[in-house]
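Open the model in your viewer and keep the selection tool at hand. Each stop below says what to select and what is there.

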Amino acid sequence: MDYSIESLSLDKLQSACLLVGIYENQLFSPSATLLDAVCNGLLGKLVARGDIKGKNAETLLINNIPHAGIERIILVGFGESGKVGRKQYRKALAAAVKAVKDSKVVTATCALLDIAVENADDQWLARQIVEVFSDSLYQYSATKQCDNPPDLQHLYIFADQPHKQLAETGLQQGLAIARGVELSKQLADLPGNICTPTYLAEQAFILAGQHEKLSCEVLEESDMQALGMGAFLSVSRGSRQPAKLISLSYRGGEGNARPIVLIGKGLTFDAGGISLKPGLGMDEMKYDMCGGSGVLGVLRAASLLNLKLNIVGLIPSSENLPDGDANKPGDILTSMSGKTVEVLNTDAEGRLLLCDTLTYARRFNPEVVIDLATLTGACIVALGRFPSGLFGNDDTLCAELTAAGETACDSVWRMPVWEEYQELLKSNFADLANIGGPDGGSITAACFLSRFAEDFRWAHLDIAGTAWRTGANKGATGRPVPLLSQFLLDRAQV
Ligand code: BES
Ligand code: MN
Ligand code: ZN
C-alpha cells in the first residue's frame, strides 16, 4: 500500500474514487462544495433527498458522476460542524476506509484535509489518514488465507499548494508510525508456538539489521544468571523455551545524551504457571508479549522518523508455564537488586521479569524509563478497554505521556502509586510479596515495580485492556505504539 500527496485541483483531478466530507445538517466541506459545483449540483440533490445526513461515520457511495475524471465519490460524515474532535475524525476515517474497501477500487483520493478538527493542523490530519487507513487495512496472514484481501493499492491525499508541506510531513510521520504499529500487530497476533522468546529475539535482530542507527544484543539465561536476575529466571524455569533479554539501542542523538529506556513485557505465553489460569480465553495470553512487540514497533517508528534521540529498548521474554521446576507459591527469589520476593501467586510473573529489567536499566544512566506491560486483569476492571493505565513517580513525565496520548488518540489515564498501597505488598518472609491481595490489583502491581525504579524517573503503562481486542474481532491493536511515538516526537523537538 502506497501513500502520496496529490495537489492537482479537484476539477482537473482523475480519480477512481474521491473521498469528501460532509457535516451534520447537510453542510458541505470546502472540497464537497467545489465538487458539487463541478458535478452540476449532484451532491446537493442527493443530500436534499436525504441519502446522507452527515452524522459521524456515515458514508455514501455515489457511482455515476457527471465528471469525466472522477468515477466514484464517497461522502463521509463527520458530525456537527465546529465540534469534530480528534477521536471523531479518526472514527469517520475508519468508516471511510470501510466504504473504500467495499467499493473494491485499487486507487482512491482522500480530500479530507479540509475538515475542521479541534486542536489539529494539516500535519496531524494527514498523519491520521495514513495511520487509520493502514490500521484498518491490516490483515493477519501468517497462518491463514486472507478472507477478503483489500484491493486498494494507492491512496492519494489531496492537499493544495499552501497545505502541501505540512501534509507531506504528516504523511511521512504517519507512515513511520503505521509501520511500527504494523510490526507490533504482526508479532502480537502470532501464536505462542511460533512467537517464542527465541523468535522475538530473531525479529529484533532482523529489525536492527534494517536500520543503520539501531543495534541489537541478546542476553541468554547464562548471562542473566551471571547478573543475578533471580526473579526473571525463576519464571523461565517453568518452561522449556529459553528466556531472552533482548536489548536494542537506537543512537540518533548526541553521543553523550542520556537515553530514554523503554521496557516491554515479553511473555510469549502466560498460562499462569502453577497458579494455572482458567481455560476460557487462555489463548489470549499469547498477547502477553504486547509490551515487547510495542517496543519493537516504537523502535521501528523512531528509526523511520530518524529521531535525534538515544533510545534503549529492553524486552525481557519468557513463557510462564507449569513445569516440575516452575515457581511454586511460597517460593522466595532473590532479584538482581538484592531485594527478596515471595511468590504468592505464580501468575503475577510479569513483575518478576520487569523488576530485574528495571534494575538492569540503571546501567544506561537513563533520562527516563517507561515500561509497557499487559500486567493485570485488574487494570481492565478499573479502566475498561479505552485508556491504558498510567503510573509513575514523576508528574512531569506522566503529564507528557498523557498529552502525547491525547494527541495520538492513544489515551492513558493516570492511577495513584501511593504509600498506602505499598503496605499491601508486605511479606513475613521476604522484602516484598509479588501480589497485594484482591484490592487495587493494577495499583499494587505498579507499586511492586516502583520499588525497583527508585533511582530514576519512571512511568509504567498497563496495556492489558488496550493492546488487543477480544471477541469476534480479536486481534492486536498496536497500542501504545502511537502514544510512545508521539512522546518521542515531542521529546525530539525540545
Ligand atoms: N498477563 C496477565 C495479566 C492479564 C490478564 C492481562 C488478563 C490481560 C488480560 C498477568 O501476568 C497476570 O496473570 N496477572 C494476574 C495478577 C494476579 C495474580 C495478582 C491477574 O491479573 O490476574
Ligand atoms: Mn500472569
Ligand atoms: Zn502475564
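Start with the second largest pocket of this predicted model, which holds about 610 Å³ of space. Select Lys-277, Leu-375, Thr-376, Gly-377 and Ala-378: of the 28 residues lining the second largest pocket, these are the closest to its centre. Next, colour α10 (350-361), α11 (377-383) and α14 (441-450), the elements that give two or more residues to this lining. Which of them supplies the largest share of the lining of the second largest pocket? The largest share comes from α11, with 4 residues. Colouring the lining of the second largest pocket by class gives 10 nonpolar, 9 polar and 9 charged residues.

Now move to the metal ions. Select the zinc ion (ligand 3) and show its coordinating residues: Lys-265 through NZ, Asp-270 and Asp-288 through OD, and Glu-349 through OE, at 2.0 to 2.4 Å. What is the arrangement of the donor atoms around the zinc ion? The arrangement is octahedral, because the 6 donor atoms subtend angles of 78 to 175°. To find the zinc donors along the chain, follow the spacing K-x4-D-x17-D-x60-E.

Keep the zinc ion (ligand 3) in view and add the manganese ion (ligand 2): the two are 3.2 Å apart, and Asp-270 coordinates both. Asp-270 lies in strand β11 (residues 266-270) and Asp-288 in the loop between β11 and α9 (290-305), so this pair ties together parts that are 18 residues apart in sequence. Turn on the surface of the protein chain. Are these two residues buried or exposed? Asp-270 is buried, with a relative accessible area of 2%, and Asp-288 is buried, also with a relative accessible area of 2%; the cut-off for buried is under 20%.

Centre the view on the manganese ion (ligand 2). Its protein donors are OD of Asp-270, both O and OD of Asp-347, and OE of Glu-349, lying 2.0 to 2.2 Å from the ion. The manganese site is irregular, with angles of 69 to 167° among its 6 donor atoms. Along the sequence, the manganese donor residues are spaced D-x76-D-x1-E. Select Asp-270 in strand β11 and Asp-347 in the loop between β14 (340-342) and α10: this pair links distant parts of the chain, 77 residues apart.

The last stop is the largest pocket, with a volume of about 1600 Å³. Its lining has 49 residues, and those nearest its centre are Asp-135, Arg-469, Asn-473, Ala-476 and Thr-477. Colour the elements that each supply at least two residues of this lining: the helices α3 (86-103), α4 (122-137) and α5 (161-189), and the strands β20 (468-469) and β21 (475-476). Which element gives the most to the lining of the largest pocket? It is α3, with 9 residues. By class, the lining of the largest pocket has 19 nonpolar, 12 polar and 18 charged residues. Finally, colour domain 1 (2-160) and domain 2 (182-493): the lining of the largest pocket draws at least three residues from each.

Terms used: Residues are numbered from 1 along each chain as its sequence is written. Chains are lettered from A and ligands numbered from 1 in the order in which they are written. This is a predicted model: local features need pLDDT of at least 70, side-chain atom pairs count only at pLDDT 80 or more; totals for chains, interfaces and linings use all residues. Side-chain values use heavy atoms; hydrogens and water are left out. On a 1 Å grid over the protein atoms alone, a cavity is a set of points where a 1.4 Å probe fits but cannot get out, and a pocket is an open set with protein on both sides within 12 Å along at least five of seven lines; lining residues have an atom within 4 Å of a point. Grid points are joined across faces, edges and corners, and a volume is the space filled by probe spheres set on the points. Ala, Val, Leu, Ile, Met, Phe, Trp, Tyr, Cys and Pro count as nonpolar, Asp, Glu, Lys and Arg as charged, and the others, Gly among them, as polar. Domain bounds come from an automatic or database domain assignment. Donors are N, O and S atoms within 2.8 Å of the metal (3.2 Å for Na, K and Ca); water is not among the atoms, so sites may look incomplete. Four donors count as tetrahedral if all angles lie between 85 and 135 degrees; four count as square planar and six as octahedral if opposite donors are over 155 degrees apart and all others between 65 and 115; anything else is irregular. Buried means under 20% relative accessible area, exposed over 50%, partly exposed in between (1.4 Å probe, protein chains only).
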